[in-house]
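Thanks for coming, everyone. I will walk through one structure today, stop by stop. Please have it open in front of you.

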Amino acid sequence: MLVTLLAALVPLLAATLLTAPTASARPERAAAAPTATLTEVTDFGPNPSNLQMYLYVPDSVTVKPAVVVAVHYCTGSGPAMYSNTEWASLADRYGFVVVYPSVTRASKCFDVSSPQALKRGGGSDPVGIKSMVDWVSRTYSADPARIFATGISSGAMMTNVLLGDYPDVFSAGAAFSGVPFGCFATTDGSEWNSACSGGTVTHTPQEWGDLVRAAYPGYTGPRPRMQVWHGTEDDVLRYPNFGEEIKQWTNVLGVSQTPAAGDTPVAGWNRTRYGATGDRAPVEAISLQGIGHNLYVTGMAARALTFFGLDSSGPAPQPQPGSCKVTASTNAWNTGLTASVTLTNTSTTAINGWTLGFTLPTGQTITNGWGATYTPSSGAVTATNVSYNGTLAPNASVTLGYQANHTGNSAAPGAFTLNGTACTG
């Protein structure tokens, strides 16, 4: 009797198992994370190196939002990247989602050197980060054409790796103090490549480009744009890596190594653009004169945002003509004077980071100043914001000033430029 009953149940059980999908196979949409707070997400997908995933979703998250993956530095973490960069506040303003991957290995450095990391789907950290992007894309119906990567130091190196491994996923990247894709490669299990960090690994543009193309053999689709930043005095990942990154990504994107445009958006910043002249050139490179490895400061993320094209208000912080107003006056005595300068943002968008250019009358030399950093002390002068007044909301003003010696002409400057654009008087 028991044998007969079992024989009858087995086909029924088998049919049930074949037709009822398991929980893991069901294409269910994951529960959305709380908004306006950093949230850890678990069980987000394949994660061979046990990364943690942290997520920030603003209250103002848009329909089909963009996604920014913000990758931390060595010894850092996802929460540290959240606390110490502006990406969450920019997400509040523009409605995109931010993913903060976090390393759990002892070094707190991302794997940018193993053979597994330097191959699409090869394993290690890039696979886990790709899973995070996939989770966000499913959960929030993210726009696949607006997924971006950015990072600092180890995170900058991972930005290069992500764009090489997954060119079909990322639209652009911004790497702050990094090295080219494949430069840190090792085969002995070591996380560190001293030749690369020392700036002694050099290749032709074609060779660098081939390293990227080898990560995803046969791929012929569009490649992500790249923005790279580097300090000339970097003593951790030496400055020659900056030039090697430019060689690599101009080759990958098929554009000339001769800049299409160059300017100085901030005193000491030399910016070159390759393949186009606008804010969304295929490759943009910013060299910071006299700056070391820890170059990341407030305002840089906003410039990366403009490069990504997520700043819907346009090319801030580079105002259009007539979008600023300056008034200036002096109070003179014998051979000295003080000057008061008021800058007003008359545009409809905030300015995040400003430089005010003007020319002192002949014979005047600045001896000290307040509200800005002044360089040089005479002739054509650039006043750069200090830490507490770098952001100017629409219609907001900031007052700065200086003390100067003069040889007879105590007049105030008569013409000003804000981030290279002429202001009205």
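**A walk through the model**

Let me start in a loop: Pro259 sits between α8 (240-252) and β8 (261-263). Keep in mind that this is a predicted model. Is Pro259 buried, exposed or partly exposed? Its relative accessibility is 39%, so Pro259 counts as partly exposed. What does Pro259 touch, leaving aside its neighbours within four places in sequence? Thr272, Arg273 and Tyr274. Now take Leu305 for scale. Pro259 and Leu305 are 46 residues apart in sequence. In space, their C-alpha atoms are 21 Å apart.

Let me step back to the whole protein. The secondary structure comes to nine helices and 21 strands. Along its principal axes, the C-alpha trace spans about 120 × 45 × 35 Å. There are 425 residues, and 51% of them are buried. How do the contacts spread along the sequence? Take those between residues at least 6 apart: 70% join residues at least 24 apart.

Next, the cores. In soluble globular proteins, nonpolar side chains tend to be buried together. Here the largest nonpolar core has 55 residues. Which residues have the most contacts inside it? They are Met53, Leu55, Val99, Trp135, Val136, Met158 and Phe170. Helix α4, residues 125-140, gives the most to this core, with seven residues. Apart from this core lies another, of 33 residues. Leu305 is among its members, and so are Ala88, Tyr100 and Phe308.

Back to Val136 for a moment. Not counting residues up to four places away in sequence, Val136 touches Met53, Leu55, Val67, Val97, Val99, Ser141 and Ala142. Two of those names, Met53 and Leu55, you have just heard in the list for the largest core.

Stay on α4, and look at Ser131, which is in that helix. Ser131 has a relative accessible area of 4%, so this serine is buried. The cut-off for buried is under 20%. What lies 2.6 Å from a polar atom of the Ser131 side chain? The backbone oxygen of Pro46. Beyond four places in sequence, Ser131 touches Phe44, Gly45 and Pro46.

Now the packing of α4 on a second helix. Two packed helices are described by the angle between their axes and the distance between the axes. For α4 and α5 (residues 154-165), the axes come within 10 Å. They cross at roughly 75°. The two helices are therefore roughly perpendicular to each other. Which residues meet? From α4, Asp125, Pro126 and Ile129; from α5, Met158, Val161, Leu162 and Asp165. That contact divides into five nonpolar residues, no polar and two charged. Met158, remember, is also on the list for the largest core.

Last stop: Ser287, in strand β10, residues 283-288. Ser287 is at 7% relative accessibility, so it counts as buried. Which side chain does the side chain of Ser287 meet in a polar contact? That of Tyr239, at 2.7 Å. Tyr239 is also one of the residues Ser287 touches, not counting those up to four places away in sequence. The others are His230, Thr232, Phe242, Gly268, Trp269 and Asn270.

To recap the two serines. Ser131 is buried and sits at 4%. Ser287 is buried and sits at 7%. That is my tour; questions, please.

Key: Residues are numbered from 1 along each chain as its sequence is written. This is a predicted model: local features need pLDDT of at least 70, side-chain atom pairs count only at pLDDT 80 or more; totals for chains, interfaces and linings use all residues. Side-chain values use heavy atoms; hydrogens and water are left out. A nonpolar core is a set of buried Ala, Val, Leu, Ile, Met, Phe, Trp, Tyr and Cys residues joined through side-chain atoms within 4.5 Å. Buried means under 20% relative accessible area, exposed over 50%, partly exposed in between (1.4 Å probe, protein chains only). Helices (H or I, at least four residues) and strands (E, at least two) are DSSP runs, numbered from the N terminus. Contact means heavy atoms within 4.5 Å. A polar contact is a pair of N or O atoms within 3.5 Å; within protein, one must be able to donate a hydrogen and the other to accept it, and residues adjacent in sequence count only if both atoms are side-chain atoms. Axes are lines fitted to C-alpha atoms, for helices over the stretch in contact, and angles run from 0 to 180 degrees between N-to-C directions. Angles under 35 degrees count as roughly parallel, over 145 as roughly antiparallel, 65 to 115 as roughly perpendicular and the rest as oblique. Ala, Val, Leu, Ile, Met, Phe, Trp, Tyr, Cys and Pro count as nonpolar, Asp, Glu, Lys and Arg as charged, and the others, Gly among them, as polar.
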